[in-house]
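Reader: I would like to work through this structure one feature at a time. Could you give me the general idea in each case and then turn to what is in front of us?

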Amino acid sequence: MFEFQIYRSDPHSEKERYDSFIVELPDGEKWTIMQILDEIYTTKDPTVAYFKHSACNHGKCNRCTMRLNGKVILACQTYISEHGTYKLEPVSKKRLVRDLVMK
Amino acid sequence: MENQNSTQLQISHHTTDVLVVGGGGAGVYAAVAAHKEGVHTAIVSSGKIGQSGNTIMVGGSLGADGKSAYDYGETKADPNFTIEEEFEEIVKQSFFLADQKMVEQFCHYAPACVQDLVETGRKINAQCDFFPPGGYFCNGTELGYTIRKFIKDRKDIDVHEDVRILDLIKVDNRVIGAIGLNIYTGEYSIFHAKSVILATGGYQPFSFKCTEASASNGDGMAIAYRAGAKLRDMEFLLFIPGTFLKPKHHRGNIFGYIFAVLANKYHLTDKEGNKIPIPEDLLHINATSEMSKLIMNYFAVQAISQGKGTPNGGVYMDFAGFKPEEIASGFEEVGKFFIPTKKGQKNSTDFYYSGENFEDMRQVALNGDRWEVNGCAEYSMGGIFVDEAMRSPIPGLYAAGEVTSGCFGAIRIADGLTEMLVQGRKAGEIAAEDIKNFEPIEIPEDFIQNIISNYEGIFGNTMGISPVDSRKTIEQIADIGFGLYREQNTMEKAIEDLEKFKLQIKSGFQVRAKHREYNMEVNEAINLQNLIICLEAGLKSALMRTESRGMHIRLDYPKVNHDNWLVSILASEQSGEMNLEKLAPNTFKFTPPTGSHENLMEYVKELESEFGNIGGVKNV
């Protein structure tokens, strides 16, 4: 099972939470975190926010940074192929805009 | 579902002389040129300047003529490749559809613009390796940093990042500003300006995406169209062959084409593994010219359209029959151009292309296996109708770079990177010059309120189709009717479906996230309203053009018909409907041919017999 726990926040309240999503990856495929977030946004929850509006998707713009299980990564260049539970969080909550998006 | 947040509407006002829209090479060169002319300049980008858009996606070439490069001191340059020769190649390889005045501007501005960029790039140690006849090889990421430096070095240019322009402000038939939305905050920005330069890049409506899909929604084209401008040549999209269909994590990467051109160790095969034959006389053109994009696509189409396509609708780049050492040396050849720049990649034994690890694909090739690839839209030849001074027919409105049309006609064989620089600089100079005696016009308050209330309708709309589903519908329409090859019945069906879809979304898109801050559905809804205009113009122009020309491959009209179709198609809005008209290109230097060619390859062969090797403007 591929479980993704995504940090959710609301800029107008102090409340924060983690939402859990199960994404089924076909056998033998590896997906980037960006592709997994796209899958969650397009099929499960369109209210989730992650850096997307000018993402290059090929490791060039270096703006889709976030934390995967605590480690800073580029979402478009980090692959998932093993079953497990993965936690996605913003790099820093100081400059947080919403969910995984930082200014 | 998220809760509604009560946030007071924030609107900020900014005043400038020249407003440049777009944070890629065209926008930056326009802003710098306008600023040098002594006028106040602001640049607004929907992403970060030099870290967004398609400028950074470049595979690498930045070229001008060889003679100018030689005179500049590049000893490896080919002085025989003159401006005149470059001009002739671009015009003829554009299938004579290029506006020759625009090509002339391109060729004459190119050397200084390119040298300027290379010199600035070298200051920050960016890779700028010269290769003959007159080009430099650049890394997209470093190119982005280079153009960012241009703006950083000019502190009094106002910079607005992550703000997307929604619409132009036009009063008394003159563009006097624009309204923007800050993607992070949901606040509006009103730009009061004396003129506006659109430099927002191209469009691509398909599900298969290679370059930066999230920003290739034809924003500038649609914004200009809504303001009354005309769109030209929208049926011509440049499809780059060899783009990976599989595996999913590499999907959309153009490395296959890079390998095809630089290593040339592969065969094209169909789903049965049969070689797709490319005639001998076209094979060597394929290996040396930008025309290879058309040749590879043309022969792939012959297989795909006959039901011999791969499971994902493409073809294979097949390495069967090549020795591992041949493939390995091919990768070494490619590696000379693409040197890893990131920490952790430099010392790795894995193969990196740009920012991405391709060791897995290298192993596939070394094992004599195959890559599943197809043509993918990477560049729009079509766009806003402007003249060689980058003026649109609407006073106060200019455009530069990929968002324009006219420089490359039916297929681009010279560098898009060079286009953005030369047109950006020209647009900046002209826009600044044109406004020297122009007194600012006040923007009526009700005009601003009207535009804002339109967009506020998107934020608050709980009815209708979701932007996510709408994107899928639009992509499906484009895939079926507007792809790599075209036929009347599929285009008619696509137009019918698009018209139905336009009716469905009349009441707007459903937006479930209620936040003003980073609302992805709102952003997507705005993308789609722009993309729909571009797709409609492209589809209707493609249906109207009953011939094949450049990258417009029609199965039902394979002939290149010079007698009837040496014209551009212009799309404009009239009484709420899209109107199409024909326009003969400016051909002040070379008289266009008459008669017809049996098919696209016959035209390419004739070019070859006229030019010898037509690889003069080779790039990647």
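Author: Let us begin with a single residue, Ser575(B), which sits in the loop between β22 (568-574) and β23 (577-583) of chain B. Please keep in mind throughout that this is a predicted model.

Reader: What is phi of Ser575(B) near, and is the residue buried or exposed?

Author: The phi angle of Ser575(B) is near 50°, which is a positive value in a residue other than glycine. Ser575(B) has a relative accessibility of 79%, and because anything over 50% is classed as exposed, that is how this residue counts. A second case is Asn173(B), with phi near 55° and likewise not a glycine; Asn173(B) is placed in the loop between β8 and β9 (174-182) of chain B. Its relative accessible area is 47%, so Asn173(B) is classed as partly exposed.

Reader: Where in the backbone should I look for cis peptide bonds?

Author: One of them runs from Pro132(B) to Pro133(B), with omega near 5°, and Pro133(B) belongs to the loop between β5 (128-131) and β6 (135-138) of chain B. Another cis bond joins Lys246(B) and Pro247(B), where omega is about -10°, and Pro247(B) falls in the loop between β13 (237-244) and α7 of chain B.

Reader: Since α7 has come up, which residue of that helix could we examine?

Author: Leu262(B) is found in helix α7, which spans residues 255-262 of chain B. With a relative accessible area of 15%, Leu262(B) is buried. Leu262(B) and Glu332(B) are separated by 70 residues in sequence, while their C-alpha atoms are 9.9 Å apart in space.

Reader: How should I read the packing of two helices?

Author: In general, a packed pair of helices is described by two quantities, the angle between the axes and the distance between them. Here, helix α1 (residues 25-36) of chain B and helix α12 (residues 416-434) of chain B have axes that come within 7 Å and cross at roughly 35°. The crossing of α1(B) past α12(B) is right-handed. On the α1(B) side the contact is made by Gly25(B), Ala26(B), Tyr29(B), Ala30(B), Ala33(B) and Ala34(B), and on the α12(B) side by Met420(B), Leu421(B), Gly424(B), Arg425(B), Gly428(B), Glu429(B) and Ala432(B). Sorted by character, the residues of this contact comprise 8 nonpolar, 3 polar and 2 charged.

Reader: How many salt bridges does the rule count over all chains, and what is the idea behind them?

Author: The general idea is that side chains of opposite charge can pair when their charged atoms come close. Over all chains the count comes to 44 salt bridges. Within chain B, Glu290(B) and Lys293(B) meet in one, at 2.7 Å from N to O; Glu290(B) is buried, with a relative accessible area of 1%, and Lys293(B) is buried as well, with 2%. Salt bridges with shared partners also join Arg8(A), Arg17(A), Asp19(A), Asp45(A), Arg98(A) and Asp99(A) into one network.

Reader: Which salt bridge links distant parts of the chain?

Author: Lys605(B) pairs with Asp281(B), their closest N and O atoms being 3.8 Å apart. Lys605(B) is in helix α18 (residues 600-611) of chain B and Asp281(B) in helix α8 (residues 280-288) of chain B, with the two positions 324 residues apart. Lys605(B) is partly exposed, with a relative accessible area of 26%, and Asp281(B) is also partly exposed, with 37%.

Reader: How many salt bridges cross the interface of chain B and chain A?

Author: The rule finds 3 across that interface. Asp162(B) forms a salt bridge with Arg63(A), with the closest N and O atoms 3.0 Å apart. This pair crosses between chains, from the loop between β7 (158-161) and β8 (163-171) of chain B, where Asp162(B) lies, to the loop between α1 (33-43) and β4 (65-68) of chain A, where Arg63(A) lies. Asp162(B) counts as buried at 1% relative accessibility, and Arg63(A) counts as buried at 14%.

Reader: What is the area buried between chain B and chain A?

Author: As a general practice, the size of an interface is often given as the accessible area lost when the parts come together. For chain B and chain A that area is about 3,600 Å², with carbon and sulfur atoms giving 51% of it. In chain B, Tyr184(B), Tyr518(B) and Met520(B) lose the most area to chain A, together 20% of what that side buries. The contact draws 45 residues from chain B and 37 residues from chain A.

Note on methods: Residues numbered from 1 in each chain as written. Chains lettered and ligands numbered in written order. Predicted model: local features only at pLDDT ≥ 70, side-chain atom pairs only at ≥ 80, totals over all residues. Heavy atoms only, no water. Axes fitted to C-alpha atoms, helices over the stretch in contact; angles between N-to-C directions. Helix = DSSP H or I, 4+ residues; strand = E, 2+ residues; numbered from the N terminus. Left-handed = near helix turned anticlockwise from the far one by under 90°. Contact = heavy atoms within 4.5 Å. Nonpolar A, V, L, I, M, F, W, Y, C, P; charged D, E, K, R; others polar. Salt bridge = Lys/Arg side-chain N within 4 Å of Asp/Glu carboxyl O. Buried < 20%, exposed > 50% of the residue type's maximum accessible area, 1.4 Å probe, protein only. Buried area = accessible area lost by both parts, 1.4 Å probe.
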